[in-house]
Amino acid sequence: AAPSPHSYTTLRDEAVKLFNSLQQLESEWDPVPLMQGILQTCLDLPPLVDEIYCQLVKQTTEPPAPGGQGDLHYWQLLTCMSCTFLPSPPVLRFLRFHLDRTESRFPASEMAKYACFIREALGKTKGRECVPSLEEILMLMQRQEMICTVHCPGAPACSVAISSHTTAEEVRGGDCWAVAQELVSRLGLSQSPNLFALYEQSRRREQPVGSATLLADVLTRFE
């Protein structure tokens, strides 16, 4: 294989490194940084996405201790993968079969709950600009949403629950949109042509968030 960018070696060598990372993941006490590293490599080297999906399906098929810590670490990484990358159609079919088989064999188990979550995520995932932040990975491991704080001028901050798939446009229909509407009414700007928009602000820049932008990617950039 040809050398890969970003200081990577060949795809073959990187695939071997990822396999070693997966082996390490099984016994890792704090798997979050390792998971994020694996996701970052897949983002930088897209041809490895299918490889990792196949490896994770293999590792979660007939595990030595179904539902044990090592097995769940693999399911948790598979959950993060499903919210970040879509596999190729043949691998996607293989993955969906694996999810169905797991739910059938281990109903009401943690593995079945992850399988259900992953199936739903795959129906929403369209690709990410950034890999999940450490906080997002922690939430995905628990199959929970993140809480995003939106600050409105002259009004209290508003907490909004978001998933890995929530866009700025979808937040406009939530609680912070209601806060913004109330603020517009108080200021007598109901007839103003100005529109409500989300902004991301850091020390170096302030810019509006595009309506189709995933808020999870914005949070990762802050991290």
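Is Cys130 buried or exposed? In this predicted model, Cys130 has a relative accessible area of 15%, which is under the 20% limit, so the residue counts as buried. Another cysteine, Cys116, has a relative accessibility of 30% and therefore counts as partly exposed. A disulfide is a covalent bond between the sulfur atoms of two cysteines. For this protein, the count of disulfides comes to zero.

With the cysteines placed, the overall fold can be described. The protein contains 10 helices and four strands. Along the sequence, these elements follow the pattern α-α-α-α-α-α-α-β-β-α-α-β-β-α. The protein has 223 residues, and 43% of them count as buried. Its accessible surface comes to about 12,300 Å², with 54% of that area belonging to carbon and sulfur atoms. Contacts also link distant parts of the sequence: among contacts with a separation of 6 or more, 65% are between residues 24 or more positions apart.

A good place to look next is the interior. The largest nonpolar core has 41 residues, and Tyr53, Leu77 and Met81 are those with the most contacts inside it. Two or more residues come from each of helix H1 (11-25), helix H2 (32-44), helix H3 (48-59), H4, helix H5 (89-105), helix H6 (110-122) and H7. The most is given by H4, with seven residues. Tyr53 shows how such a residue is surrounded. Leaving aside neighbours within four places in sequence, Tyr53 is in contact with Leu78, Met81, Ser82, Phe85, Leu86, Pro87, Val91, Leu95 and Leu122. Apart from this core lies another, of eight residues, including Met139, Val150, Val160 and Leu215.

Helix H4 deserves a closer look. This helix covers residues 69-82, and its 14 residues should span 20 Å at 1.5 Å a residue; the end C-alpha atoms are 20 Å apart, which agrees. Of those 14 residues, 13 are buried, so H4 is largely enclosed by the rest of the structure. Leu72 is one residue of helix H4, and it counts as buried because its relative accessibility is 16%, under the 20% limit. When neighbours within four places in sequence are left aside, the contacts of Leu72 are Gly67, Glu110, Met111 and Tyr114. Leu72 and Met111 are 39 residues apart in sequence, while their C-alpha atoms are 7.1 Å apart in space.

The next helix to consider is H7, which spans residues 134-141 and includes Ile137. Which residues of H7 are buried? They are Glu136, Ile137, Met139, Leu140 and Met141. An α-helix has 3.6 residues a turn, so residues three or four places apart point the same way. For Ile137, the relative accessible area is 0%, so this residue is buried. Not counting residues up to four places away in sequence, Ile137 touches Val32, Met35, Gln36, Leu39, Cys80 and Pro132. Ile137 and Gln76 are 61 residues apart in sequence, yet 8.6 Å separates their C-alpha atoms in space.

Some loop residues have features of their own. Just after H7, Arg143 takes a positive phi of about 55°, and Arg143 is a residue other than glycine. Arg143 lies in the loop between H7 and strand E1 (146-150). With a relative accessible area of 23%, Arg143 is partly exposed. Glu62, also a residue other than glycine, has a positive phi near 55°. Its place is in the loop between H3 and H4. Glu62 is exposed, because its relative accessible area of 57% is over the 50% limit.

A further loop, between strand E2 (158-162) and helix H8 (168-171), holds Thr166. Is Thr166 buried or exposed? At 13% relative accessibility, Thr166 counts as buried. The side chain of Thr166 reaches the backbone nitrogen of Ser163 at 2.9 Å.

Notes: Residues are numbered from 1 along each chain as its sequence is written. This is a predicted model: local features need pLDDT of at least 70, side-chain atom pairs count only at pLDDT 80 or more; totals for chains, interfaces and linings use all residues. Side-chain values use heavy atoms; hydrogens and water are left out. Buried means under 20% relative accessible area, exposed over 50%, partly exposed in between (1.4 Å probe, protein chains only). A polar contact is a pair of N or O atoms within 3.5 Å; within protein, one must be able to donate a hydrogen and the other to accept it, and residues adjacent in sequence count only if both atoms are side-chain atoms. The expected span of a helix is 1.5 Å times one less than its number of residues. Contact means heavy atoms within 4.5 Å. Accessible areas come from the Shrake-Rupley method with a 1.4 Å probe; for residues, only the protein chains shown count as cover. A nonpolar core is a set of buried Ala, Val, Leu, Ile, Met, Phe, Trp, Tyr and Cys residues joined through side-chain atoms within 4.5 Å. A disulfide is a pair of cysteine sulfur atoms within 2.5 Å.
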